[in-house]
Amino acid sequence: MISINIHKQLHMAQGKSMLNVNVQIASKSFTAIYGPSGAGKTSLLRMIAGLMPPEGGCIEVEDVTWFNSVKEISLPPQNRDIGFVFQDNALFPNMTVEENLLYALPKNADRSKVYKLLKMVGLDNLVRQRPELLSGGQKQRVALARALVRQPKVLLLDEPLSALDDINRVSLQSYLQQLHDEFGLTTIMVSHNVSEIFKLADNVIHLDNGLVKQNETPARLFNIPDAQHELTLIGEVVQVNHTEIFILADGNVIKVKQTLQTADLSIGSKVSIHAADLSLKKLS
Amino acid sequence: MYQPLWLTFKLALVTTVCLVVIGIPIAAGLARSKSKLKSVAEAVISLPLVLPPSVLGFYLLLAFSPQNGFGKMLNDAFSLRLIFSFTGLVLGSVIYSLPFMVHPVQAGLEALPSSLKEASQTLGKSNLTTFFKVLLPNIKPAILTGLILSFAHTLGEFGLVLMIGGNIPGVTRVASIAVYDEVEALNFSTAHVYAGILLAISFVILLIVYTTNRHIFKNRITQ
């Protein structure tokens, strides 16, 4: 169990705002931190990692205190059992893919772990490549593998998929899911992509203006009834005309006819598509 | 005849080595500092860029003089005389060329994304390991610029050397002083040799700097 109860004054583009978070995160769960820009999502993640000090409060992970302002405890990032994937991947340009992972390996640890991880993210044929020669998706896979070399309990991800195109995004989502399950990680991911959250997360912390607005399952938060029992896709409207709406969901553009219910949709609206509403045809 | 040239290169080399040891930690400290005193430190380090070398030389002369505080202390404690000595020239040159090492390295470090350092910390690495294995290797062009400029700037010293070193053959008589000396003695052919070699070397050095790293040079040194 991760227990977070912290506050800090943040200086955002739109002025000062108070981040005040009190949440509990279950071990081995996949939690998304969701909310508009400037809500304090990345700040919260950085405070969990020890990269930014809260003004007050405490952070406890599996009964170990990582931060406590009263007892004046604040573990440096090095001593927190974490892996962190940065939005810009933060791969070391002076090292090859392999060296980036070996750097993370503690002294005298088994090197085979590095190669196993590279294989798991499908990069075992690019070990000697420098990061600048990799695609965006490959870079994030290296960053993900590197973050797991020390086998941390907690994996922190700061919008790791936001700079990727849809195909790479979907592929990295599956790697993420697989690694989360295989290593028994407690994963916390900052994201503002609804379909991604719906696909990966067990739980969503909805932050708005520094406060936790909701802490719910994705289905409840996004108001999708009984999602487990029918196929539901989450997408975003990319084009609207008089008769049809085009929705981007899971890397595919889906065309849906306009109805009375869809009249208020515009480009950028988030929507859910239910299998029950679609027709079926047998493939010849 | 080649003694002044040899002395010049020895001085430039020793000064550059000292600047690597002193300048890189200062640059690292300034790059990560958020203190209000940072501007004061930056101004002090940059003073040799704008101050006439004779002014700097004058103050160093007073400081190094065995009659005064610092110089007297060195003289009494270690029998070390900085005035009119090679050691004194090295110390003066280190102060004189400090901004040429500190500025490019500081600019290089400040231009690195902070996520590199943070990523290394979250991978369990100490700040020292992070500095040597991640930060420094990624600012190689800046370090090279610092090295070359410090070396070149020391080659070109004149006023400072004259003030604190004088003109002692084999000890403090560097090439730039020798040129002046030979011209005074109307010995133009020897002056030509010294001047020509200094000109050629300075040009080649600057050419290397501009071709390897125009960016940092333009951004920092011309400020």
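This report describes a predicted model, taking in turn chain B, the contact between the chains, the salt bridges, the pockets and the cavity.

## Chain B

Chain B is built from twelve helices and has zero strands. Its pattern, followed along the sequence, is therefore one of α elements throughout: α-α-α-α-α-α-α-α-α-α-α-α. The C-alpha trace of chain B covers about 65 × 45 × 25 Å when taken along its principal axes.

## Contact between chain A and chain B

The size of an interface is often given as the accessible area lost when the parts come together. For chain A and chain B, the buried area is about 1600 Å². Carbon and sulfur atoms account for 60% of this area. On the chain A side 20 residues take part in the contact, and on the chain B side 19 residues do so.

The polar part of the interface can be listed by pairs. Nine residue pairs are in polar contact across the interface of chain A and chain B, with both residues of each pair at pLDDT 80 or more. Three elements of chain A each supply at least two residues of the side that touches chain B: strand S7 (82-85), helix H2 (97-104) and helix H4 (136-148). Sorted by class, this side of chain A consists of 14 nonpolar, two polar and four charged residues.

## Salt bridges

Over all chains, the structure contains eleven salt bridges. Within chain A, one of them joins A:Glu196 to A:Arg169, with 2.8 Å between the closest N and O atoms. These two residues belong to distant parts of the chain and lie 27 residues apart. A:Glu196 sits in helix H6 (residues 194-200) of chain A, while A:Arg169 sits in helix H5 (residues 166-183) of chain A.

How many salt bridges cross the interface of chain A and chain B? The count there is one. A salt bridge between the chains pairs the side chain of A:Arg46 with that of B:Glu118, at an N to O distance of 2.8 Å.

## The largest pocket

The largest pocket encloses about 720 Å³ of space. Its lining is made up of 29 residues, and those closest to the centre are B:Arg32, B:Ser114, B:Lys117, B:Gln121 and B:Leu135.

Several helices of chain B contribute to this lining. Helix H1 (3-32), helix H5 (86-111), helix H6 (114-122) and helix H7 (127-135) of chain B each provide at least two of the lining residues. By class, the lining of the largest pocket comprises 16 nonpolar, seven polar and six charged residues.

## The second largest pocket

A volume of about 400 Å³ belongs to the second largest pocket. It is lined by 14 residues, of which A:Val256, A:Thr262, A:Ser272, A:Ile273 and A:Asp277 are the closest to its centre.

Which strand gives the most to the lining of the second largest pocket? S15(A) does, with four residues. Strand S15 (270-274) and strand S13 (244-249) of chain A each supply at least two residues of this lining. The lining of the second largest pocket has seven nonpolar, six polar and one charged residues.

## The cavity

The rule used here finds one cavity of 30 Å³ or more. The volume of the largest cavity is about 30 Å³. It is lined by A:Val85, A:Gln140, A:Leu144, A:Leu157, A:Pro160, A:Leu172 and A:Leu176.

H4 and H5 of chain A each contribute at least two residues to the lining of the largest cavity. In terms of class, that lining has six nonpolar residues, one polar residue and no charged residues.

Notes
Residues are numbered from 1 along each chain as its sequence is written. Chains are lettered from A and ligands numbered from 1 in the order in which they are written. This is a predicted model: local features need pLDDT of at least 70, side-chain atom pairs count only at pLDDT 80 or more; totals for chains, interfaces and linings use all residues. Side-chain values use heavy atoms; hydrogens and water are left out. Contact means heavy atoms within 4.5 Å. Buried area is the accessible area (1.4 Å probe) that two parts lose on being put together, summed over both. A salt bridge is a side-chain nitrogen of Lys or Arg within 4 Å of a carboxyl oxygen of Asp or Glu. A polar contact is a pair of N or O atoms within 3.5 Å; within protein, one must be able to donate a hydrogen and the other to accept it, and residues adjacent in sequence count only if both atoms are side-chain atoms. Ala, Val, Leu, Ile, Met, Phe, Trp, Tyr, Cys and Pro count as nonpolar, Asp, Glu, Lys and Arg as charged, and the others, Gly among them, as polar. On a 1 Å grid over the protein atoms alone, a cavity is a set of points where a 1.4 Å probe fits but cannot get out, and a pocket is an open set with protein on both sides within 12 Å along at least five of seven lines; lining residues have an atom within 4 Å of a point. Grid points are joined across faces, edges and corners, and a volume is the space filled by probe spheres set on the points.
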